[in-house]
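Subject: A structure for you to explore

Hi there,

Here is the structure I promised to pass on to you. Have a look around it first, and then read my notes below.

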Amino acid sequence: MKNIKITDLAHELLETEITKDSVIVDATAGNGNDTKFLAERVKHVYTFDIQESALNQTRTLTKDFKNITYIHDTHEHILKYVQNFDGVVFNLGYLPGGDKKITTMTHSTIDTLEKLHKNQKGFILVVAYPGHLEGLKETVAVQSFLDKHEIKYRVVKFHHETKNEAPFIFFWKY
């Protein structure tokens, strides 16, 4: 059986929502894989990260693309930089291969989702990883956020035969 990753499933879901005219925000640049995936398919990508090293990795991976704006700032400031977009993608957690102590934080993730909720634009896709303490807190907080606002959403839980803490995809549209 092919080794499928949660990000593969997230990309399949994104394929159903994006077009060549889409403007998408990658709220967590990480190693650049989501940014690259999006840049190959959409008009423009705004990619955020608080770690310069993550943005540098993303720049290296996407050096051949001219449709990306790299923003060294927290995703809490998305609306400061971008007002017109068709969707926002979050891949929560820590930078793969980086310092696992530097991770997205529940308070900033929920603060960002609250701001985006007031904006009510496009779709939001969140990949959450409950396999570490902050990731578990974020996963529960995202679920609570959605329930609190009575947002209709889809969730995909990705079960690993070797791991108990399966990652989740949360997806909703405004």
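Please keep in mind that this is a predicted model. Going along the sequence, the elements come in the order α-β-α-β-α-β-α-β-α-β-α-β-β. That gives six helices and seven strands in the chain. The radius of gyration is 15 Å, close to the 16 Å that the globule rule gives for 174 residues, so the chain is as compact as a globular protein of that length. If you want a feeling for its dimensions, the C-alpha trace spans about 40 × 35 × 30 Å along the principal axes.

How much of the chain is buried? Of the 174 residues, 49% are. The accessible surface comes to about 9300 Å², and carbon and sulfur atoms account for 52% of that. It is also worth looking at which parts of the sequence meet: among contacts with a separation of 6 or more, 63% are between residues 24 or more positions apart. As for charge, you can find 22 positive and 23 negative side chains, with the centres of the two sets 2 Å apart.

Now for the inside. The largest nonpolar core has 25 residues, and those touching the most other members are Val-88, Phe-90, Leu-113, Val-126, Phe-170 and Trp-172. At least two residues of this core come from each of β1 (23–26), β4 (87–91), α5 (106–119), β5 (123–128), α6 (133–148) and β7 (168–173). Which element gives the most? That is α6, with four residues.

Phe-170 is a good residue to click on. Leaving out residues up to four places away in sequence, Phe-170 touches a long list of partners, including Ile-124, Val-126, Thr-139, Val-142, Leu-146, Tyr-153 and Val-155. There is also a second, separate core, made of 18 residues, with Ile-18, Val-45, Leu-125 and Val-127 among them.

Two threonines are worth a visit next. Thr-106 sits in helix α5. With a relative accessible area of 16%, Thr-106 falls under the 20% cut-off and is therefore buried. Apart from neighbours within four places in sequence, its contacts are Glu-134, Lys-137, Glu-138 and Ala-141. Thr-7 belongs to helix α1. Its relative accessibility is 18%, so Thr-7 counts as buried too. Setting aside residues up to four places away in sequence, Thr-7 touches Asn-91 and Tyr-129.

Helix α1 (residues 6–15) also holds Glu-12. Is Glu-12 buried or exposed? At 54% relative accessibility, Glu-12 counts as exposed. Try finding Ile-169 from there: Glu-12 and Ile-169 are 157 residues apart in sequence, yet their C-alpha atoms are 12 Å apart in space.

Finally, here are two loop residues with backbone angles to look up. Gln-120 lies in the loop between α5 and β5, and its phi is near 45°, a positive value in a residue other than glycine. The relative accessibility of Gln-120 is 45%, so this residue counts as partly exposed. Glu-150 is in the loop between α6 and β6 (154–157). Phi of Glu-150 is near 50°, again positive in a residue other than glycine. With a relative accessible area of 72%, Glu-150 is over the 50% cut-off and so is exposed.

Enjoy exploring, and send me any questions you have.

Best wishes

How values were computed
Residues are numbered from 1 along each chain as its sequence is written. This is a predicted model: local features need pLDDT of at least 70, side-chain atom pairs count only at pLDDT 80 or more; totals for chains, interfaces and linings use all residues. Side-chain values use heavy atoms; hydrogens and water are left out. The radius of gyration is taken over C-alpha atoms; the globule rule is 2.2 Å times the number of residues to the power 0.38. Buried means under 20% relative accessible area, exposed over 50%, partly exposed in between (1.4 Å probe, protein chains only). Contact means heavy atoms within 4.5 Å. Accessible areas come from the Shrake-Rupley method with a 1.4 Å probe; for residues, only the protein chains shown count as cover. Lys and Arg count as positive and Asp and Glu as negative; His and the chain ends are not counted. The place of a charge is taken as NZ of Lys, CZ of Arg, CG of Asp or CD of Glu. A nonpolar core is a set of buried Ala, Val, Leu, Ile, Met, Phe, Trp, Tyr and Cys residues joined through side-chain atoms within 4.5 Å.
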